[in-house]
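Grab a viewer and let's work through a few exercises together. Each one has a task and then a solution in steps.

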Amino acid sequence: MDLVNHLEGRLLFAVPKSKSPPNQGRLQQATLDLLSGCDVQFRRETRLDIALVKNLPIALIFLPAADIPTFVGEGRVDLGITGRDQVAEHDATLPAGESSNVEEILDLGFGACKLQVQVPEKGELKEAKDLVGRNVVTSFTALTEAFFRNLEGAEAGQKLTTKIKYVGGSVEAACALGVADGIVDLVESGETMKAAGLKAIDTVVSSTAVLVKSRKANSDILALLASRLRGVITAQKFVLCQYNIPREQLSVASKITPGKRAPTITALEEEGWVAVSSMVEKKRIATVMDELIKVGASDILVMNIANSRTD
Ligand SMILES: Nc1ncnc2c1ncn2[C@@H]1O[C@H](COP(=O)(O)OP(=O)(O)OP(=O)(O)O)[C@@H](O)[C@H]1O
Ligand SMILES: O=P(O)(O)OC[C@H]1O[C@H](OP(=O)(O)OP(=O)(O)O)[C@H](O)[C@@H]1O
Ligand SMILES: [Mg+2]
């Protein structure tokens, strides 16, 4: 089947794929999980980078994360998932005064990492300005250039003294091989950096995966998909906390669990007691439970939320 002829009338949605097939791709699995949480059903044929969604007028286009902002920015695809670092790199390549056509609509929370300036652990370079005038290797040349332009105090159009070179991967090898005095590369756990004998001395950008749309793209199906994605992300970030509390303690407990809009309060059969249920950020739940106990709550239950929608 010639899939390209079946794209007409469908929302084109770019999802990140690995450049090197044996690797999973940093953002790929979490993205596929998210799509499945939104009931986006598709089957991807081996080696095909386009998949038609069976139950919605959407086509998924599998593209390298680094290329997604270009396709979205040019309006060739309507929607995409990539790293905020990649969007920032794309925007940094735009001529001065030109605004980006890539609009962030949702922080997806996964794929957290930092684009950092790194130098050999044992060496005389201590801070980013020590690299001015030296060789720096990166996959993010536009952001790196903007960073050193700022450090050098160079005007737009003025040549930089720092020499910035592009490599497409394994950036951390550049210092050991004598190609670079420092690198600008992504750090998550820090293990790659440590194994290469490097240390971070500055941060260019902090990143997570984001949902982006082409500025002009607007349709009911785009709004529907964005709303479904928001629902799944919210559900992943929150838990539902339920507890019983004496009515006179309700106002203090409500301050601990204010909910997204307001907590739901139900009267209990037992005189003077109420039941409260409220959404709480997952990362805060242990502290919230400690505080609830202190103000007299009992029978605290915490439940995962499968999905959640407010729009
Ligand atoms: N170690 C990491 N931890 C978390 N997120 C990362 C990490 N490395 C990269 N990312 C995020 O994933 C995006 C894509 O990374 P990258 O371009 O290296 O592709 P990949 O998905 O790792 O696939 P591959 O490197 O196999 O081609 C980055 O722009 C960044 O936002
Ligand atoms: O801090 P860490 O947890 O070690 O992760 C950081 C590493 O992950 C990414 O590389 P990746 O493995 O995707 O390989 P690549 O350079 O070929 O993209 C990034 O470019 C770093 O090298
Ligand atoms: Mg990678």
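The exercises below go from domains to sheet to ligand, and keep in mind that this model is predicted.

**Exercise 1. Work out how the protein is divided into domains, and set that beside the UniProt annotations.**

Step 1: Start with the domain assignment. Domain 1 takes in 3-111 plus 209-218, domain 2 is 113-206, and domain 3 is 238-304.

Step 2: Take the centres of domain 1 and domain 3 over C-alpha atoms, and you get a separation of 39 Å.

Step 3: Now bring in the record. An unreviewed UniProt entry puts "domain: ATP phosphoribosyltransferase catalytic" on residues 65-230. That stretch of chain is 28% helix and 30% strand, with its end C-alpha atoms 20 Å apart.

Step 4: UniProt, again from an unreviewed entry, lists residues 235-307 as "domain: Histidine biosynthesis HisG C-terminal". Here the numbers are 27% helix and 40% strand, and the end C-alpha atoms sit 5 Å apart.

**Exercise 2. Trace the six-stranded open sheet and find the helices that lie on it.**

Step 1: Write down the strand order, which is β2-β3-β1-β4-β11-β5, with mixed pairing.

Step 2: Pick out the edges. They are β2 (50-52) and β5 (102-107), each of which pairs on one side only. From one strand to the next, the twist averages 30°.

Step 3: Zoom in on one pair. β1 (residues 11-17) and β4 (residues 79-83) run parallel and are joined by two bridges. In one of the pairings, A14 has G80 of β4 as its bridge partner.

Step 4: Add the helices. α3 (residues 84-92) lies across β4, β5 and β11 (209-214), at about 100° to β4. Helix α7 (residues 220-237) also packs on the sheet, where it touches β1, β3 (58-64), β4, β5 and β11. The direction of α7 makes about 35° with that of β5.

**Exercise 3. Describe the surroundings of ligand 2: how many residues are there, and of what classes?**

Step 1: Count the shell. With a cut-off of 6 Å from the C-beta atom, 13 residues surround ligand 2. The closest are G169, L186, E188, S189 and T192.

Step 2: Ask which elements supply two or more residues to this shell. The ones that do are strand β9 (182-187) and helix α6 (191-195).

Step 3: Sort the shell by class. You should end up with three nonpolar, five polar and five charged residues around ligand 2.

Note on methods:
Residues are numbered from 1 along each chain as its sequence is written. Chains are lettered from A and ligands numbered from 1 in the order in which they are written. This is a predicted model: local features need pLDDT of at least 70, side-chain atom pairs count only at pLDDT 80 or more; totals for chains, interfaces and linings use all residues. Helices (H or I, at least four residues) and strands (E, at least two) are DSSP runs, numbered from the N terminus. Ala, Val, Leu, Ile, Met, Phe, Trp, Tyr, Cys and Pro count as nonpolar, Asp, Glu, Lys and Arg as charged, and the others, Gly among them, as polar. Two strands pair if DSSP finds at least two bridges between them. Axes are lines fitted to C-alpha atoms, for helices over the stretch in contact, and angles run from 0 to 180 degrees between N-to-C directions. Two residues are in contact if their C-beta atoms, placed from the backbone, lie within 7 Å. UniProt positions are given in the numbering used here, feature names are shortened, and annotations may be inferred rather than shown by experiment. Domain bounds come from an automatic or database domain assignment.
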